[in-house]
Amino acid sequence: MEVTRSNFLQLLPSIKEAIAKCDFIVIDCELTGLNTVNNINAFDTQKQYYEKVRRNSKDFLIIQYGLCMFRYDVDKKVYKQQGYNFYIFQTGANKFVPDHRFLCQSSSLDFLSGSGFDFNKLFKEGISYLNSNEEEKCRASLSDAQKVRANKLHNNSFTPEKCNQAINDEDKELVNNIFNEIRDFIASDKEEHVLPKCNAYIRRLVYQQAEAKLANKASLETRALENRDHVLVVTRLKSKEDREAMNRKVVEREEEQLRQSIGFASVIKAIVESGKLVVGHNMCLDLLHTIHQFLIPLPFEYQEFKEIAHYSFPKILDTKYMSSTAPLRGLIDSTVVAHLLATVQKEPFKIPDIEVEENLEGYTLDNTKQHEAGYDAYITGVSFLAMWNYLHTLNGQSESYPNFSLLDPYCNRLFLMRLQDCPYMNLAGTDVIPSREHIVYLSFPKTWKQNDIFQLFSPFGNVFIAWIDDQSAYIALQRRDQISIVLSTLSQSETYTIMSYAQRQAHLAGDTGLGLLPKQRTRAASEINPSVKKRKMVSEGGGITKEKVTLNLTPFVNKKTKIEKSAQKQTFDEPKDDSVEDECEEDDLYVKSQFPDNSKTNLENSRQYTLPQPPDSGMPPLSVEVDPDAWELEEYNDLELRTMPGFDKMMPKNCSRSTVQTEVQNSIPPEAPDSPDPNLDNMYLLLDPHLRPATPDLDDPSSVSLFEEHKQLAQEYLKVQTELAYLSQRKTKLQETQSLEQQRQRKTIEQLQSEKQALILLKKSLEKQKELLTANIGRPPSDGWVLVPRSDESEL
C-alpha cells in the first residue's frame with residue numbers, strides 16, 4: 001500500500017496495530033546516495049568500518065521506506081502479511097521545523113528513476129519526520145510562542161516583544177493603506193477580512209501600530225494559506241471567552257501540524273516500543289540511517305552506537321548474514337536479494353504459504369516491483385521465511401513451527417560489505433577479532449602497480465592485496481609462517497616501507513613508535529606532522545636531554561665541546577636517523593654516549609683538564625669532565641669483547657671463537673649447499689630495483705654468466721638476512737629467559753661499550769686539538785697576542 005502525506009495520519013492507527021500484532025517486521029530503504037564503501041578496506045576493523053560509513057553516509061537521506069509485517073495464523077497454518085511503501089521527505093511548512101540540506105548521488109537518482117521512482121510524488125506528498133532532538137527543540141519553540149500569544153490575549157496587546165522598528169515614508173504609506181482597509185472592515189458587517197498579501201517586515205510594522213489603532217475594536221492574526229503564503233487576517237473583537245476559544249483552536253491546529261511534522265518518526269518509535277524482531281537484507285546502512293534520521297543523531301563512538309542500536313532494536317536479523325553462514329552458505333550461490341529469492345524457490349528450500357491480510361493491501365510474487373522499498377521488504381521477508389523453514393526441517397522441528405530459537409545464531413549480527421575476515425558487527429556483544437598476524441602494511445611509490453607487489457612477495461607464496469590508496473595497501477600472506485621472514489627481509493629498503501598490521505593499527509591510534517624500526521618511526525611521525533622530519537629532537541624524559549653536540553676544529557679553536565656527565569642531565573648525539581636532520585661539516589665530532597642514572601658515577605672525584613688557550617680569546621676554555629673510575633669493571637673482569645663476522649659479542653675470556661661460531665650455527669636452520677637453488681631462482685626480485693641485475697644479453701655468454709653470478713649473490717645476501725632474523729628471534733627468546741640480574745648486567749655492559757666508544761672518539765678529538773694548538777704556539781695571532789709557554793708551575 002502506498003502511503004503519502006495525504007493519507008498518512010489516516011493510516012497511522014492501522015499501521016501501529018499491525019506492528020503490535022505481527023511476529024516480525026521486515027524493512028527496506030531507498031536512499032539519495034550510497035557512497036559509503038568506496039574507502040572501505042578489506043582489513044578494516046568493525047570500529048573503522050562504522051566510522052567510515054557514518055562519515056560518508058549521514059548526509060544522504062532515506063526517501064522511501066518499506067515495511068512489511070508478517071504474522072503466523074496458527075489456525076490456518078499460514079502467514080499473513082501487509083505491506084506499506086512510504087514516501088519520506090521533510091517539508092518546511094512549519095516555521096519551527098528545521099530546514100534540512102542533504103546530498104544526492106547522481107548514479108543513485110538515475111537508478112531510482114530507471115526503476116520507476118516517482119520524484120514528483122516524493123517532493124509534493126512526501127511524509128515529514130523529526131528525530132528526538134529536533135522534536136524536543138520544536139516543542140520548546142512552540143511552547144514559548146504559545147505562552148507569548150496567551151500573554152497578549154490576556155493583555156489584549158498587539159505589540160511584538162521586540163523593539164519598535166522605525167518606519168520610512170514609503171512603508172508608512174503602505175501601512176496606512178492597510179489600516180484604512182481595516183477601518184472599512186470595522187464599519188462593515190463582515191466577521192473577518194483577509195488583508196492583501198505582504199511580506200514579514202510589513203506584517204511586523206502593522207502589528208507594531210495595531211495596539212494603538214485597533215484597541216478594543218478588532219483582533220489581528222497571521223494565517224498560513226494552502227500555498228504556504230502568510231497573510232494578515234482581521235476579525236471583529238469578541239469577548240474574552242470567544243478569544244480564548246479561538247486560541248484553543250489555534251493551539252490544536254499547531255499541535256496537529258507538529259504531529260504531521262513528526263510524521264514517519266512515529267512509525268519507527270512504534271517499532272522500537274514493540275520490541276519485535278526486525279528483519280532486513282544487508283541492513284547495516286538502513287539501520288544507521290533509520291537511527292540517524294528518525295531517532296537520534298549517530299554518535300561518534302562505535303560502542304555508543306552499538307548500545308543505542310541494541311537498546312532501540314533488541315532483535316535484528318540480517319538475511320545477507322544469515323544466507324552467508326553455515327548451514328545455508330553451501331546452498332546459496334548469490335546473496336543478492338533478487339538472486340536469493342530465486343534460490344529459495346527451489347529445492348531444498350520451500351516457501352511457506354503466505355496470504356495478504358483480509359481487507360488490506362499487500363504484495364505478491366506475481367506483481368513484481370523491484371527496487372520499490374515496500375516490495376523489496378516483502379521479498380526479503382519471503383526469503384527469510386524460506387530459510388527459516390529449511391532450518392526447521394534440518395533440525396526436525398516442523399511440529400514446533402515457528403521456532404524463534406533457531407534464529408539465535410543469526411540475531412543481532414549486521415553483515416559488513418567488503419570486510420575479508422570479520423564480515424559482521426555484533427550489536428549484542430563483543431565483536432569477533434580475527435588474527436591478522438599474517439598481514440603487513442606496505443607503502444610504496446605511486447608508480448607501483450599490482451604486478452610490482454606480486455613480484456616483491458613472490459618468494460613467500462601467494463598474497464592478497466587490499467588497496468588503501470595508490471601508495472599503500474595491506475598484504476595478506478597465504479603462508480602465515482613466512483611473516484617474520486618477510487618483515488626482517490623486506491624492512492631494509494629505501495624504496496618502500498613495510499610494517500606489521502599491529503604496528504600500523506598502533507600508528508593509526510596515535511602511538512607512532514610502537515615496535516617500529518627507526519625509518520618506520522620517521523615515516524609514521526611525518527605522516528602525522530610533516531614538520532617533525534626537520535625538527536631537532538629534544539626530550540627531557542627522565543632527566544635526559546637529547547641534542548646534537550657539534551665541534552668545529554679550525555686553526556684557532558672557535559667552537560667548544562663540553563661533555564658533562566651528571567645524574568640529572570647528560571648530552572649525547574642521537575644515532576643516525578631520518579627523523580633528525582644531520583647537517584654538519586666534514587670535521588664535526590659526533591659524540592655518542594649514554595649515562596643512565598644508575599650508572600657508576602662519582603662526580604666528587606672527577607678531574608677537570610683544561611687545554612691551553614689564548615688568554616684573551618673571548619671564549620671560555622675547552623673543558624672535559626671524566627670519571628676516573630669509569631673503567632673499573634670489577635664484576636666483569638672475566639669477560640671480553642670478541643669481534644665476530646657480522647656481529648660482536650661479550651664472552652668469557654677462556655671461550656674460543658670456534659665455540660661461539662658453533663653456537664651461532666646451531667641456532668639457525670641448516671643451510672642449503674652453496675650451489676644455486678633452482679627453487680630460489682627469482683630471489684633477486686626482492687632487491688631494490690636499482691640493485692637488481694640488468695636483463696642479460698642471451699647471445700653474450702659473459703653477460704649471462706654475470707647475470708647468474710649476480711643472482712647467486714642475491715640469494716646469499718637474502719640467506720644472511722634470514723639468518724639474522726633467526727638469530728634475532730633466538731636473542732629475544734634468550735633475553736626473555738634471563739633473570740633480572742642478568743638483564744641488568746647485560747644493559748650495563750652495553751652502556752659501558754657505548755661509553756668506551758664515545759671516549760675513544762673524544763680522545764682522538766683532543767689529540768687533534770693538541771696538535772693544532774702545539775703548531776700555533778709561538779706564532780703571532782692576528783690580534784697581536786703572543787702565546788708564551790709556562791715554565792714554572794709556582795708562578796701561578
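**Exercise 1. Cysteines**

Find how many disulfides a search of the whole structure gives, and examine Cys 22.

Solution. The search of the whole structure turns up zero disulfides. Cys 22 is in no disulfide, and the nearest cysteine sulfur, which belongs to Cys 68, is 9.7 Å away. A pair of sulfur atoms must lie within 2.5 Å to count as a disulfide. The model used here is a predicted one.

Next, compare Cys 22 and Cys 104 by accessibility. Cys 22 has a relative accessible area of 4% and is buried. Cys 104, at 44% relative accessibility, counts as partly exposed. The cut-offs behind these words are under 20% for buried and over 50% for exposed.

**Exercise 2. A sheet of three strands**

Work out the strand order of the open sheet that holds strands 5, 6 and 7, and state which strands stand at the edges.

Solution. Step one is the pairing. Strand 5 (residues 192-194) runs antiparallel to strand 7, and three bridges join them. Strand 6 (residues 218-224) is also antiparallel to strand 7, with seven bridges.

Step two is the order. The open sheet has the order 5-7-6, with antiparallel pairing. Strand 5 and strand 6 each have a single partner strand and stand at the edges, so one side of each has no neighbour in the sheet. From one strand to the next, the twist averages 25 degrees.

Step three is to locate opposite residues. In strand 7, Thr 235 is opposite Glu 192, Val 234 is opposite His 193, and Arg 236 is opposite Ala 218.

Step four is the surroundings. Strand 7 (residues 230-236) has five of its seven residues buried, so the rest of the structure largely encloses this strand. Strand 6 and strand 7 form a hairpin with five residues between them, and Arg 228 in the turn has a positive phi of about 75 degrees.

**Exercise 3. Two helices**

Describe how helix 2 (residues 46-57) and helix 10 (residues 284-295) are placed relative to each other.

Solution. Their axes come within 11 Å and cross at roughly 60 degrees. Angles from 65 to 115 degrees would be roughly perpendicular and those under 35 degrees roughly parallel. Helix 2 and helix 10 are therefore oblique to each other. Their crossing is right-handed. On the helix 2 side, the residues in contact are Tyr 49, Tyr 50, Val 53, Arg 54 and Ser 57, and they meet Cys 284, Leu 285, Leu 288 and His 289 of helix 10.

**Exercise 4. Less common backbone geometry**

Locate the cis peptide bonds at Pro 327 and Pro 348, then examine the positive phi values of Lys 77 and Asn 412.

Solution. Most residues other than glycine have a negative phi, and most peptide bonds are trans. Ala 326 and Pro 327 are joined by a cis peptide bond with omega of about 5 degrees. Pro 327 sits in the loop between helix 12 (319-323) and helix 13 (337-344). A cis bond also joins Glu 347 to Pro 348, again with omega of about 5 degrees. The loop that holds Pro 348 lies between helix 13 and strand 10 (354-356).

Lys 77 is not a glycine, yet has a positive phi of about 50 degrees. Lys 77 is found between strand 3 (62-73) and strand 4 (78-87), in the loop, and is exposed at 58% relative accessible area. For Asn 412, also not a glycine, phi is positive at about 60 degrees. Asn 412 is in the loop between helix 14 (373-394) and strand 11 (413-415). With a relative accessible area of 9%, Asn 412 is buried.

Technical notes:
Residues numbered from 1 in each chain as written. Predicted model: local features only at pLDDT ≥ 70, side-chain atom pairs only at ≥ 80, totals over all residues. Heavy atoms only, no water. Buried < 20%, exposed > 50% of the residue type's maximum accessible area, 1.4 Å probe, protein only. Helix = DSSP H or I, 4+ residues; strand = E, 2+ residues; numbered from the N terminus. Pairing = 2+ DSSP bridges. Axes fitted to C-alpha atoms, helices over the stretch in contact; angles between N-to-C directions. Parallel < 35°, antiparallel > 145°, perpendicular 65-115°, else oblique. Left-handed = near helix turned anticlockwise from the far one by under 90°. Contact = heavy atoms within 4.5 Å.
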